[in-house]
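Reader: Could you take me through this structure step by step? I am new to the subject.
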Amino acid sequence: MTAPIRAKLADGRDLLFFALPGHLPAPVADRRPLPPRVPDQSQLRYDRATGRWVIVAALRQDRTYKPPPDQCPLCPGPTGLTSEVPAPDYDVVVFENRFPSLSGTGAPLGAPSGAGFAAAPGHGRTEVICFSSDHTGSFAQLPPAHARLVVDAWRHRSADLMAAPGIEQVFCFENRGEEIGVTLTHPHGQIYGYPFLTPRTAAMLGQADTHRMCHGDNLFASLLAAEIADGSRIVTRNELFTAFVPFAARWPVEVHIYPNRFVRNIIDLDDAELDAFARLYLDVLGRFDRMYSAPLPYISALHQFAYTEAQAEGYFHVELMSIRRNATKLKYLAASESAMDAFISDVTPESVAERLRGLG
Ligand SMILES: [Zn+2]
C-alpha cells in the first residue's frame, strides 16, 4: 500500500487520504471558520462497583444529527466550505472526530488504587473513516479492490494508534442503520484508541488465560477448530478465513470472522490474507443485505490485540451483530440484557447459520 496523503483541517485535525492505484487525492484548503479545539473534552470516571471505566463526553450532545443530504459533512467538499473532506473527490479518508469521545495524550489507565471517586482526563483518539465518497453507497457495495483499500486504511490506523503513547486498545468499527442510532447515513466507520482495556476484551483475555492454564492451547484457536469440526454454524469459508455464527450467539444475527492462522491484529495479516479478509467480509455483508427487503442494520467490531504480555492470547477476529429479529421487529436490550448482561436469544444459532448459508 502506498502511504496516505496527509492534510490538516481548519482546526488543526489530521486528515488522511487513502487512494486506489492511479488516483491522486487533491485536497483543497479547509476554509470553514471552525472554533479552536478545546483540550480534555471528555472525562473518564471509574465505576468502582464493576471495575469499568465510563467515558463522559458531554460535548457530543452538540454533534451533527441527521443533516439533510446536501449538507452531509462526509461528502467531498470541493469549495473547502461545506465538508469535513475538503477535496473534489476521494476513495477512502480518515480524520479525527470533531466531537471526540477521547482526545489528547496521557498514560494508559489501570485500576485506581484509592477508595474514593476516581476520574481521569479522557485521553485517547477517535477517528472517522469514510469508506467511499458515494453518499448512498454501503460497505457491502464496494468493489473488492476498494474494500481492500478500507482494510489497508484500518491497518495503517491500527499500526499508528497502537504505537501511540497511552493507547491500550485500538477498536475499528462500523455502525450501519438508523435503527441502531447512526446519525450520518454516509458510509463510514470509526476508530477508537482507548487508554484502557475495554470490559469485553478484558473478559475475553481472562477466559483465554484460564483456558491456556487448563488446556495448554489458545482459546480462540480452540473455538475456531471446534466450530469447523462441528460445521452446523459455519456461514462461509475461504482458504484463509472462516465465518460462523458462534455457539452461544447473543444477537438475532451474529457472525464472527476469524483468520485460519493465529494473528493478534490486522497488522499481522499478510497480503494474501488481507485480500481474503476483504473478500469474505464483503461476502458476509452481502448475505446480511439479502436477508430482508431493506439492508440489515448492523455493528461490525474488529477485535484486535496489542503486542503486550497481557494481550498475548488475543486472536484477531471480527464480530458482526444485528438487532433485527425479523422483517418488522427489532430486538431491544431488555431488563435481563441491560441490567444483568444476561442475553436471551429468540433464535437458534444453527437456524441463523443455515439461513445465511443459503444466501450466498
Ligand atoms: Zn455524504
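**The zinc site**

Author: The donor residues of the zinc ion follow the spacing C-x2-C-x59-H-x50-H in sequence; donors are N, O and S atoms within 2.8 Å of the metal (3.2 Å for Na, K and Ca), and water is not among the atoms, so sites may look incomplete. This is a predicted model, in which local features need pLDDT of at least 70, side-chain atom pairs count only at pLDDT 80 or more, and totals for chains, interfaces and linings use all residues. Residues are numbered from 1 along each chain as its sequence is written, and side-chain values use heavy atoms, with hydrogens and water left out.

Reader: Which residues are the protein donors of the zinc ion?

Author: They are Cys 72 (SG), Cys 75 (SG), His 135 (ND1) and His 186 (ND1), at 2.0 to 2.3 Å from the ion.

Reader: And what is the site of the zinc ion like, going by the angles among its 4 donor atoms?

Author: The site is tetrahedral, with angles of 102 to 117°; four donors count as tetrahedral if all angles lie between 85 and 135 degrees.

Reader: Is Cys 72 buried or exposed?

Author: Cys 72 counts as buried because its relative accessibility is 7%. Buried means under 20% relative accessible area, exposed over 50%, and partly exposed in between (1.4 Å probe, protein chains only). Cys 75, at 17%, is buried too.

Reader: Changing topic, how many residues of H1 are buried?

Author: In H1, 14 of the 19 residues are buried, which leaves the helix mostly covered. Helices (H or I, at least four residues) and strands (E, at least two) are DSSP runs, numbered from the N terminus.

Conventions:
Tetrahedral: all angles 85-135°; square planar, octahedral: opposite > 155°, others 65-115°.
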